[in-house]
Amino acid sequence: MTIRLPAGDGELRAYEPREEPFAATPGTPFTSRTVFSAAHVVADPFADSTPDSPAAVDWDATLAFRRHLWSHGLGVAEAMDTAQRGMGLDWAGAAELIRRSAAEARSVGGLIACGVGTDQLAGSATLDEVRAAYEEQLALVEESGAQAILMASRALAATAKSPEDYLEVYGHLLRQSAEPVVLHWLGPMFDPALEGYWGSSDLDAATDTFLEVIAAHPDKVDGIKVSLLEARREIDIRRRLPQGVRCYTGDDFNYPELIAGDEQGFSHALLGIFDPLGPLAAEAVRVLDTGDAKGFRELLDPTVELSRHLFQAPTRFYKTGVVFLAWLAGHQSHFTMVGGLQSARSLPHFARAYELADGLGLFPDPKLAEERMKNLLSLYGVNQ
């Protein structure tokens with residue numbers, strides 16, 4: 001049987017879906033790498049909400065998806081941009097997500113780290129207000145028992161006048177953190193409001209400031225997450241880190257080579273693409289645990305085309321593809337997103353995402369995925 005998919009040029013083409021999924025079984029955490037999946041939230045499709053209203057979350061489905069990731073040995077990076085922080089999920093919703101997910105992690109023994117930001121601020125803010133907002137969120141994450149990820153702040157980017165302002169704010173937060181944190185450098189391709197982060201649009205100068213923050217407090221930095229989509233820059237930063245500070249790749253374009261590493265080191269992972277790739281990615285890392293880097297690359301390299309498709313410009317809308325694939329895979333009963341973000345990508349984009357994901361065997365029930373894809377196509381007027 002075939003399914004007719006839009007090719008993007010106004011024509012339809014035939015595609016023959018895969019009949020068997022990729023065989024992956026749940027397993028224990030990994031030994032060679034620490035790996036987090038930045039997980040999406042499942043919206044409540046029956047809530048009477050609008051794009052500007054507070055997020056309505058289906059908590060049962062959202063937590064079930066986290067249990068799915070934990071069952072395969074992955075850690076969960078909670079309340080990150082994959083969960084639509086700043087794109088539909090406000091701080092109140094993120095705080096509830098952190099509390100619920102941290103409690104769920106304790107109940108199943110799952111690894112969890114949670115995003116700390118300043119998104120409770122509205123409008124302009126002073127540096128003191130930015131610092132206080134960070135402190136409020138850091139306190140909640142630490143009280144939940146999760147590890148903290150200090151996320152890049154739109155408010156700080158808008159308020160800071162110099163690299164010294166970043167050094168002051170981050171230095172204050174690191175001095176008071178109870179446990180080592182992960183520092184997250186999110187590039188403007190993910191959030192245009194973060195242009196010039198660390199006090200400069202010159203990435204070399206910004207990198208120097210970033211590393212200066214870490215060098216001043218190496219005992220309070222577990223690791224860094226770099227989301228700049230530049231493999232060479234990440235490798236350079238990785239090689240300049242103090243001893244014991246990890247690099248968690250956030251590069252959804254080049255992750256296989258960065259995780260595999262080279263003779264001078266490797267990256268751990270904290271990736272949005274490991275939301276749809278969870279079981280396959282886990283299988284690949286277990287192969288790497290045996291020392292088989294070639295086998296790891298053979299499993300993970302073919303996934304890059306899908307990741308680059310989902311994360312194509314404008315990159316910040318990659319969340320739409322992530323949730324779309326979760327629906328096709330049966331992890332949720334609907335394709336509805338917080339803030340109506342399901343409309344952010346085109347039908348040809350969805351069709352190609354389906355084809356690439358199906359080719360990788362990502363759908364536990366290929367027939368269900370095919371039926372749901374056909375249902376979506378019919379809403380757009382594509383008859384089979």
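**A tour from helix α12 to the parallel strands**

Begin at the end of helix α12, which is followed by Gly-330, a residue whose phi is positive, near 85°. The structure on display is a predicted model.

Next, select the helix itself, residues 318-328. Is α12 enclosed or open to the outside? Of its 11 residues, 11 are buried, so the helix is largely enclosed by the rest of the structure. Colour the side chains to see which residues are involved: among the buried ones are Tyr-318, Lys-319, Phe-324 and Trp-327. To see what covers the buried residues of α12, display its surroundings, including α11 (304-310), α13 (347-360) and α14 (366-379).

Move now to α11 and select Ser-307, which lies in this helix. Ser-307 has a relative accessible area of 0%, which is under the 20% cut-off, and therefore counts as buried. Which residues does Ser-307 touch, leaving aside those up to four places away in sequence? They are Asp-252, Tyr-255 and Ile-273. With Asp-252 also shown, follow the side chain of Ser-307 to the backbone oxygen of Asp-252, which it reaches at 2.6 Å.

For the last stop, select strand β5 (residues 112-116) and strand β6 (residues 147-150), which pair in the parallel sense over four bridges. Within this pair, Val-116 stands opposite Leu-150 of β6. Trace the chain from β5 to β6: the path passes through helix α3 (residues 127-144), and this β-α-β crossover is right-handed. Finally, add strand β7 (residues 181-186), which pairs with β6 in the parallel sense over two bridges. Here Leu-150 stands opposite Leu-183 of β7.

Technical notes. Residues are numbered from 1 along each chain as its sequence is written. This is a predicted model: local features need pLDDT of at least 70, side-chain atom pairs count only at pLDDT 80 or more; totals for chains, interfaces and linings use all residues. Side-chain values use heavy atoms; hydrogens and water are left out. Two strands pair if DSSP finds at least two bridges between them. A crossover is right-handed if, with the strands pointing away from the viewer, the path from the first strand over the helix to the second runs clockwise. Buried means under 20% relative accessible area, exposed over 50%, partly exposed in between (1.4 Å probe, protein chains only). Contact means heavy atoms within 4.5 Å. A polar contact is a pair of N or O atoms within 3.5 Å; within protein, one must be able to donate a hydrogen and the other to accept it, and residues adjacent in sequence count only if both atoms are side-chain atoms.
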